[in-house]
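Let's take a walk through this chain together, starting with the overall layout and then working inward. Keep the viewer open as you read.

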Amino acid sequence: MSRYNYMNITKKCPLCNKLGIFEIFTYFGRLNCINFEIGDKVIWEKFNSVSKGGRPDNGDLLSLGWTECKNCECELDARIDIKNDIVCSVDIFNSNHSTDDEK
Ligand SMILES: [Zn+2]
């Protein structure tokens, strides 16, 4: 069973440059299909390590997620910046996945 949370963020795609709503899948804190918004407080798993959803030192974490552009259908990485348990900002970027098509 794959578990995640998600955020819907309006951003410009770094590849096709089109403004759209990106559904970003995230993997920090308690994973229960929670819809996060910027400014929300993260719910951490009690007594777990950070990799299992626990709280990092000071509630600060730079977490990676992924998303997909609905226009050009590229896969993109997302960087979620959490400060003091609050989701502060989200960036999406193209990490240049090498795929078989590009060889
Ligand atoms: Zn795109």
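Start with the elements: the chain has six strands and zero helices. Read from the N terminus, the order is simply β-β-β-β-β-β. Bear in mind that what you're looking at is a predicted model. Along the principal axes, the C-alpha atoms fill a box of roughly 45 × 30 × 25 Å. Of the 103 residues, 22% count as buried. If you take the contacts between residues at least 6 apart in sequence, 47% of them join residues at least 24 apart.

Now find the N-terminal end of the chain. Strand 1 and strand 2 run antiparallel and are joined by eight bridges. To see the pairing, look at lysine 12, which stands opposite leucine 19 in strand 2. Six residues sit between the two strands of this hairpin, and asparagine 17 takes a positive phi there, near 65°.

Further along, there's another hairpin to look at. Strand 5 and strand 6 also run antiparallel, here with seven bridges between them. One facing pair is isoleucine 80 and valine 90, the latter in strand 6. This hairpin has two residues between its strands. Asparagine 84 lies in that loop between strand 5 and strand 6, and its phi is positive, at about 55°, although it is not a glycine. Is asparagine 84 buried or exposed? It counts as exposed, because it has 10 C-beta neighbours inside 10 Å, and the cut-off for exposed is 12 or fewer.

Phenylalanine 47 is worth a click too. You'll find it in the loop between strand 3 (35-36) and strand 4 (61-68). Its phi is near 65°, again a positive value in a residue other than glycine. Phenylalanine 47 is exposed, since 8 other C-beta atoms lie within 10 Å of its own.

Time to go inside. In soluble globular proteins, nonpolar side chains tend to be buried together. Here, the largest nonpolar core has 16 residues, and those with the most contacts inside it are Ile24, Ala78, Ile80 and Val90. Which elements give two or more residues to this core? They are strand 1 (5-12), strand 2 (19-26), strand 5 (75-83) and strand 6 (86-93). Strand 5 supplies the largest share, four residues.

Isoleucine 80 makes a good vantage point. Setting aside its neighbours within four places in sequence, isoleucine 80 is in contact with Thr26, Phe28, Ser63, Gly65, Val87 and Val90. Val90 is thus both a contact of isoleucine 80 and the residue standing opposite it in strand 6.

For another view, hop over to isoleucine 9 in strand 1. Why does isoleucine 9 count as buried? It has 20 other C-beta atoms within 10 Å, and 20 or more is what it takes to be called buried. Beyond its neighbours within four places in sequence, isoleucine 9 is in contact with Phe22, Ile24 and Val90. Val90 therefore turns up in the contacts of isoleucine 9 as well as those of isoleucine 80, and both Ile24 and Val90 are among the residues with the most contacts inside the core. To finish, draw a distance from isoleucine 9 to arginine 30: these residues are 21 apart along the chain, and their C-alpha atoms are separated by 20 Å.

Methods
Residues are numbered from 1 along each chain as its sequence is written. This is a predicted model: local features need pLDDT of at least 70, side-chain atom pairs count only at pLDDT 80 or more; totals for chains, interfaces and linings use all residues. A nonpolar core is a set of buried Ala, Val, Leu, Ile, Met, Phe, Trp, Tyr and Cys residues joined through C-beta atoms within 7 Å. Two residues are in contact if their C-beta atoms, placed from the backbone, lie within 7 Å. Two strands pair if DSSP finds at least two bridges between them.
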